Each structure stands twice: as structure tokens, then as C-alpha cells.
Amino acid sequence: MKAALSSIVPEQQQQDSEFLKDVLEGLGGKIKTLPCKYLYDELGSRLFEDICEVEDYYLTRTEADIFSKNLKDIAFTIGPEALMIEPGAGNCEKVEALLAVLESPKGYYPIDISSEILFQAERRIKRNLPGMQVWSQVGDFTQPDVWDKLARISSRKRVVFFPGSTIGNFELDKAEQLLELFAANLGVGDGLLIGTDLVKDSVRLERAYHDSEHVTEKFNKNILNRINAELGADFDHTLFAHRSFYHQLRQRVEMHLVCLKNHSVSVAGSQVDFLEGETIHTENSHKYSINGFSKLLSKGGFAPICHWKDSAKSYAIHYAQV
Ligand code: AVJ
């Protein structure tokens, strides 16, 4: 069925129907959820970049610090002639400094759903690092097809680069499956360089996801405006409040949109009823201890090799091997 469909329906329409299906499914149940990947349309991606500049959101800054302080050591750990693969690469800004110091890198294989941001980044990398080979892949990195072209590229070593604590957005079983997908596209001795936010006091965690400049609130509510614009819905975002809290037991920050009064919303012709106090769960951001993440790496098919942290132990970058 899927193969027949894809030959006659244009790509954009297929993406829309996938989005619609996910939204109706997510809002149709007793507990309402929306897949967090839909937070990242063009405006959402820009709002996320704004979040990274916010004082309360320490993750991006801290990770960048760890990278810049340990860049040579990280490059040495990766070794020569590596092909760097980056799922969810976005603007590809984090990898550039690393590509610049790696010993004779084979090239760069970024994967992202936003073609515009990706091709702009490809041009920038080729300008800043003349001679660097780049194979940009437009698509959802959780789908196996965007990994297929890797088979045609020969390299001494492949290294999946997955910074930004993006792994934290996946439920534990999904995170394990994602690591398995990475491992399946690597060979023995190939690597994984991955960033994770570390478990810490809940006040600091909650502030990072409910910043005083209200950028995270805008980012969260943007998903409603996106559904309005792309799927023909009539969400009134002023009837929802942004809520983020740290769930101690699940070791994750949960982001929700709380409904402020009983009302109904029309989504592509279907009516969705909301009760006051009910929430739409829009994102999880799991936090790990070094040990906890090492265990996850092992379950996903990787052997943890080493890690780098900031002095406050807020954040870690791990290197693991198949
Ligand atoms: C980019 C997915 C890692 O979970 O910290 C930031 C996204 N959400 N503020 C995170 C996010 C709310 C971010 N990740």
C-alpha cells in the first residue's frame, strides 16, 4: 500500500497526511500527546535556536564549552579518515570545528528533515572547509531509508555524531532502538559521539524548560499554530498554558500545554474536546547519570569508551564503539 501511494502522491502531501495522522492519533486518546518532532517547523527551529541563547537554558552553552575545551582529545579519540554522520544535523554548526581538526576526515553525512536549513549548511561547510565532501540527506533520521546511501561511501571509520541531548527526547525503549539503528549502520570499531544532559537538581532543570524570557513557552505553543496553518485547525493558543516539570522517577523534564477552560477544537474536520486542566504532552527530555547512560549504550549495541564533562558536571559527551 505504501509503495503504491508513494508513486502517485507528491512528497509534501505525504508528509501532511503523516502529520495529520499523528495529530489525530495523539489528540484522539484519553491522554493527549503530540510527537515532539513536530515542534521543529521553520519557526520552531528558529525558536529553538533562540532558546539556546537564553541564560536559563544551559545545555547548548555547556556542551559547546566541553567541545571547545576537549576538541583535540575528541579528534584524537575518533582517529584518522573518519566519515562523520549526523542525524538531525539542522544547521550543522556543531560539527564544523570538529571536522576542522580531525585528521584527514573522509567527509560529512548530515541528515535532517528541513532541506532548506540543510542545503544552506552544506554550502557554508564547503566554503569554510574547502575540499570537505558532504552528502546531505533530507529525511527523518529514525527511518532506515536515509541511511541507505552510506553503503556507497567507503571509509576507514564511521562515527555517528549525535549532540544536543537529542537522545533525551526519546522514551527509554525508543532510545535503545535508535542506538540499535545507529549500530546497524556501523561496523565493528566504528564510533558514536553523543551528548547527554545529566541528572541534577530539579530547580535548575525546570528553569531550563520554563525560561524567564518565555522563549520556551513560544516554542511549545508554536505546535498549535503549526497545526492550524498546515492541517486546518482552529486552536486558540491563549486557551493553553506552557508547563514544564521534572519527573523524578522517570528522570525527565516533561513539557505540556495545559488547557485553561473547557472547549472544543476542530482539526481537519474532526472535533477534539478539551477539559480545563487537561494537558497535551508535547515533549520529554530525559536526564542521565554517566552510569545510567553507559547501560543504555550497552543495551543499544555500543561499548562505552570515555566521556567528557564540564566542571559543574551538568552535561556529558560520550564516546562509544560498536
Ligand atoms: C534539542 C531536544 C535537546 O530537550 O533540551 C529545549 C529541546 N525543548 N527546550 C531539549 C527543548 C524545550 C531540547 N533538545
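Visitor: In which sense do strand β8 and strand β11 pair?
Guide: In this predicted model, β8 covers residues 252-259 and β11 covers residues 279-286. V258 stands opposite T279 in β11. Seven bridges join the two strands, and the sense of the pairing is antiparallel.

Visitor: Which strands stand at the edges of the sheet that holds β8 and β11?
Guide: The sheet is open, with mixed pairing, and its four strands run in the order β1-β11-β8-β7. An edge strand here has a single partner, so one side of it is left without a neighbour in the sheet. The strands in that position are β1 (32-33) and β7 (240-247).

Visitor: Which helix packs on the sheet, touching β7, β8 and β11, and what angle does its direction make with that of β7?
Guide: The helix spans residues 215-231 and is α9. Its direction and that of β7 make an angle of about 115°.

Visitor: What is the strand order in the open sheet of seven strands?
Guide: Pairing in this sheet is mixed. β4 (137-138) and β12 (303-309) are the edge strands, each pairing on one side only. Within the sheet, β2 and β5 pair in the parallel sense over four bridges. The full order is β4-β3-β2-β5-β6-β13-β12.

Visitor: Which residue of β5 is the bridge partner of L83?
Guide: β2 covers residues 82-87 and β5 covers residues 157-162. These two strands pair in the parallel sense. The partner of L83 in β5 is R158.

Visitor: At what angle does α4 run to β13?
Guide: α4 covers residues 59-78. The helix lies across β2, β5, β6 (191-197), β12 and β13 (315-321). Its angle to β13 is about 30°.

Visitor: Is N70 buried, partly exposed or exposed?
Guide: N70 lies in helix α4. A residue is buried with 20 or more C-beta neighbours within 10 Å and exposed with 12 or fewer. N70 has 15 inside 10 Å, so N70 counts as partly exposed.

Visitor: Why do the buried residues of α5 line one face of the helix?
Guide: α5 runs over residues 93-101, and V95, L98 and L99 are buried there. An α-helix has 3.6 residues a turn, so residues three or four places apart point the same way. Cover for the buried residues of α5 includes α4, β2, β3 (107-112) and β5. Seen down the axis of α5, the buried residues line one face because they fall within an arc of 105°.

Visitor: How wide an arc do the buried residues of α10 cover?
Guide: In α10 (residues 290-299) the buried residues are F293, L296 and L297. They sit on the same side of α10, because the arc they cover around the axis is only 100°. Among the elements that cover them are α7 (172-184), β6, β12 and β13. After α10 comes G301, with a positive phi near 100°; the arc itself is 100°.

Visitor: What radius of gyration does the chain have?
Guide: The C-alpha trace spans about 60 × 50 × 35 Å along its principal axes. Buried residues make up 35% of the 322 residues. A compact globule with 322 residues would have a radius of gyration near 20 Å, and the chain agrees because its own value is 20 Å.

Visitor: What percentage of residues 20-321 is helix?
Guide: UniProt, in an unreviewed entry, lists this range as "domain: Histidine-specific methyltransferase SAM-dependent". Its end C-alpha atoms are 38 Å apart. Strand makes up 25% of the range, and helix 37%.

How values were computed: Residues numbered from 1 in each chain as written. Predicted model: local features only at pLDDT ≥ 70, side-chain atom pairs only at ≥ 80, totals over all residues. UniProt positions renumbered as here; feature names shortened; annotations may be inferred. Arc of directions from axis to C-beta. Contact = placed C-beta atoms within 7 Å. Pairing = 2+ DSSP bridges. Axes fitted to C-alpha atoms, helices over the stretch in contact; angles between N-to-C directions. Rg over C-alpha atoms; globule rule 2.2 N^0.38 Å.
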